[in-house]
Amino acid sequence: MSTKPLQRLDRVVIRFAGDSGDGMQLTGDRFTSETATLGNDLSTLPNFPAEIRAPQGTLPGVSSFQLHFADHAVLTPGDHPDVLVAMNPAALKANLADLPRGATVIANTDEFTRRNLAKVGYQASPLDDGSLESWHVHGLPLTSMTVEALADFGLTRKEKERAKNMMALGLLSWMYSRPLEGTEAFLRAKFDRAPELLEANLAALRTGFNYGETTEDFAVRFEVAPAPMAPGTYRTLTGNQAMALGLVTAAHRSGLPLVLGSYPITPASDVLHALSALKRHGITTLQAEDEIGAVGMALGASFGGALGVTSTSGPGLALKAETIGLAVATELPLVVLDIQRGGPSTGLPTKTEQADLLQALHGRNGESPVAVIAPQSPTDCFDIALEAIRIATTYRTPVIVLSDGYLANGSEPWAVPELDDLPGLDVTFATAPNATGEDGQPVFHPFLRDEQTLARPWAVPGTAGLEHRIGGIEKADVTGHISYDPDNHDRMVRLRQAKIDRIAETLPPVEVDDPTGDARVLVLGWGSSYGPIAAATRLVRSAGGRIAQAHLRHLNPFPADLGEVLRRYDRVVVPEMNLGQLAMLLRARYLVDVRSHTAVRGLPFSAAHLAEDLHRDILEVEGDTAGPATTDTPREEVTR
Amino acid sequence: MTATDLPLPTPQGTQGVPRVGEEDPRQTKKDFTSDQEVRWCPGCGDYAVLAAVQGFLPDLGLRRENIVFVSGIGCSSRFPYYLETYGMHSIHGRAPAIATGLATAREDLSVWVVTGDGDALSIGGNHLIHALRRNVNLTILLFNNKIYGLTKGQYSPTSDVGTVTKSTPVGSVDQPFNPVSLALGAEATFVARTLDSDRKHLTEVLRAAAEHRGTALVEIYQNCPIFNDGAFQLIKDRDSGRARLAHLVDGEPVRVGEDHVVVRSGGALTVVPETDAEPADVVVHDVAAEEPTQAFALSRLDDPSFAHVPMGIFRQVSRPTYDDQVRAQVDGARASAGGPATDADLADLLHGGDTWTVTG
């Protein structure tokens, strides 16, 4: 047991930062897992360069992992870290601007050499020149401490140095009273076949932990109590992991095999990786020759009666556009996962953005409506995958899912659902002719629609008597023959649109959160900005502001009551990580004077900045009647 | 990088595709003919190929509902509409990709791709070469008329250098592809060439292609009477053709016309009068040769003047197919875990990783 005093905190934000090769993502993952096991609520933000190994010690090579954990519900990875672990000068320089004064810096002094300082433009070491006096700085020779701790191991110096991230993890685990058992088990599995490396990493981890206990440099230890959570079994998931599990679950519940056609692309590749390991569950993954091949394979599988899915990011969605149009015309189920990243073109491959909304809705030739949905948190990707399969199979339509890099790599606790609590997925294939021909014989009309959903029958090859041909060329209503008839084309264009519109009949009403019931400003978001918007809303309310919040998971079609909800408010503010794409759609559709709040920095919104803007909106709308501006210290703003 | 041994699936031919039973009524050409009016230009070579396919499909003995034709865009890509099977008339160049997904998802289907020189070799070149190297269980009919017909007569990737068209008024400058050479270079396991007007040869080649497990590519020289009429006249004409065609027969010396043979000469092949040939130098055709080298050399005998044109099956070798192997991996994962995943297995998967429990 620790002999040092324990101080209780309600929330902490830690950022681990180092060189791309320093193992910061792994360190963050392990700290997250330890934290989850303790029952804190949490949210994470990995942030890494597109280069696999940028030049060592440089600013472009800095990789970081931020974790926010608390004894209450957490909505975002946090605007500002309370603790920065900086493994080298570049990591310090790249992250210092985000660090509020008074925060703690733990720096690996071994790396603050003249050469490394010069690489990032430091004339003198900031650890020594007084420039960091507003922060609590702990300079520790983490590298040499690690090498020393491993003196008796028959490893090269380089191998020993590589364990320094475990030294840092051990120290932080001590500081925040995290258990080491999970990480020890993880290391045992990882170094199953390298016993010496296993022992070295375990030794580094424990040395770091013990160092905290014995050194006088750290006088107190902290603890963060578990957050109240509903009873159940929990695990942490990233968005991409949740998406893969959701797809597997959908396949299982529908009783259909799932075929993923995919071409590797950041930040979507982990969906391909995760599903590739689940063959046992009837999952087939095909790594295609290109993005177009990938969606073609998925559509071919759908024609054959499987759940065809393709995963990609924005540039890939652009390439898949024509095939998605073919799926619109052939009216086959198809799920397209767009894990968005910064654009245009190659853009910011490892950073997040929400700028593919209009591409998803309109990025095809002709009138080509598809369903578009978006998850609002990492674990919501599980539910959105089920919803995508439901819509695709019920309405025989492509469904584009707009996740993004923030959700894909960020993680949070997930209450593992009971299978019985999940929605059912009944898919039926056509098995018999559905009409009578002129000669009195039974015939099959591939475009004879279901009256309620307007979906056409899904008749898969191998079914005798239903042989038919589909394709991208316009088809006659009902019979599915090639048709150039003007009236038929007009009818088919409207039918395809009406079919998508009818999805709205199955959507729940917009859920508006307005605790006081008299808010005049509504903040409306979609997709991954849910967390920052909810956090900003919390800030506004804790400062006495009245604000209503709603969030859209369905972008096409919109929920049926959306227009009515928008008109209830004097002002609607729509924050988006683009230049106002949803705002444009809402203005066009509902003639509501929506205000945009936009940022395209490759990072999630800052809740504090958003809260300031929302406050201004409230003041403008309410005038003198507005409540007091920030008087209380809002909860999210509390720093240690 | 690590590599692992793959399971070796052993299905052969069209195994796995349901066949017409002995008590079922015999399938006829009429059963494979849809009610759609055929809309190719009068005199188009596509009619002959359609008639041959409708005529020989019943003989394959496969159930009609288990046959799927997937096409891209172009004149030939209308093909699926005229067959009373399942079909998809897809988008330009993408048919091999769509067919790959379908063939992999469904072992019980005989999947055909109908494509043209522009569709397969220009806009869809990438999908074609990858289907070939993967050896997906597909039969690809590549209608080569050396011109773009549907867009009204621009040169294609198989047009000869100097072809004058609306888009190349002073002659095309790009080197054409030889589809057989391309397929052989792309690791194809079955490559053949035939002629639209030679019904007997066409049928024989298509039957062998249909029975091949893996990707079978059949180049069909096909006349476009509107934009490239007579492109193959030199070999179609009975007299001039006889002297130019080299009918490839497995195990036989390769003859051109009646009195010439193909011989090895240095690293290449040449055509010489039989009387001048050293018997030891005469090339004997071997469709099953492990290396495609000789087949490739034969494909290089072509030239734009049609001086000598090998016809028939260039290569026919057995290699595990992509779709069989993909399915074997899924089956293997299930078998080693004791069968397909149950509800309990799914629940275990969802509960995987580090979990913790909150009690009420």
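In the predicted model, 4 residue pairs in polar contact, both at pLDDT 80 or more, are found across the interface of domain 1 of chain A and domain 3 of chain A. By class, the side of domain 1 of chain A that touches domain 3 of chain A comprises 4 charged, 4 polar and 3 nonpolar residues. Despite the presence of charged residues on that side, 0 salt bridges are found across this interface.

The two domains belong to an assignment that divides chain A into domain 1 (6–224), domain 2 (236–421) and domain 3 (521–637). The contact between domain 1 of chain A and domain 3 of chain A takes 11 residues from the former and 14 residues from the latter. The centres of these two domains, taken over C-alpha atoms, are separated by 35 Å. Together, domain 1 of chain A and domain 3 of chain A bury about 970 Å² between them, and 53% of this area lies on carbon and sulfur atoms. Within domain 1 of chain A, the residues that lose the most area to domain 3 of chain A are L75(A), T76(A) and D79(A), which together account for 51% of what that side buries.

With regard to overall architecture, chain A contains 20 helices and 24 strands. Its radius of gyration is 27 Å, close to the 26 Å given by the globule rule for 640 residues, so chain A is as compact as a globular protein of that length. Along the principal axes, the C-alpha atoms of chain A fill a box of roughly 95 × 70 × 45 Å.

Chain A also forms an interface with chain B, to which chain B contributes 63 residues and chain A contributes 66 residues. About 5,400 Å² is buried between the two chains, with carbon and sulfur atoms giving 62% of that area. On the side of chain B, Y86(B), L350(B) and W356(B) lose the most area to chain A, together 17% of what that side buries.

Between chain B and chain A, 5 salt bridges are counted. In one salt bridge, the side chains of E84(B) and R469(A) meet at 3.0 Å, N to O. The count of residue pairs in polar contact between chain B and chain A, both at pLDDT 80 or more, is 33. Elements giving two or more residues to the side of chain B that touches chain A are the helices α2 (95–105), α4 (125–134), α10 (322–336) and α11 (343–350), together with the strands β2 (86–89) and β12 (355–358), of chain B. The largest share of this side, 7 residues, comes from α2(B). By class, the residues of the side of chain B that touches chain A divide into 25 nonpolar, 25 polar and 13 charged.

Technical notes: Residues numbered from 1 in each chain as written. Chains lettered and ligands numbered in written order. Heavy atoms only, no water. Domains from an automatic or database assignment. Contact = heavy atoms within 4.5 Å. Buried area = accessible area lost by both parts, 1.4 Å probe. Salt bridge = Lys/Arg side-chain N within 4 Å of Asp/Glu carboxyl O. Polar contact = N/O pair within 3.5 Å; in protein donor to acceptor, adjacent residues only side chain to side chain. Nonpolar A, V, L, I, M, F, W, Y, C, P; charged D, E, K, R; others polar. Helix = DSSP H or I, 4+ residues; strand = E, 2+ residues; numbered from the N terminus. Rg over C-alpha atoms; globule rule 2.2 N^0.38 Å.
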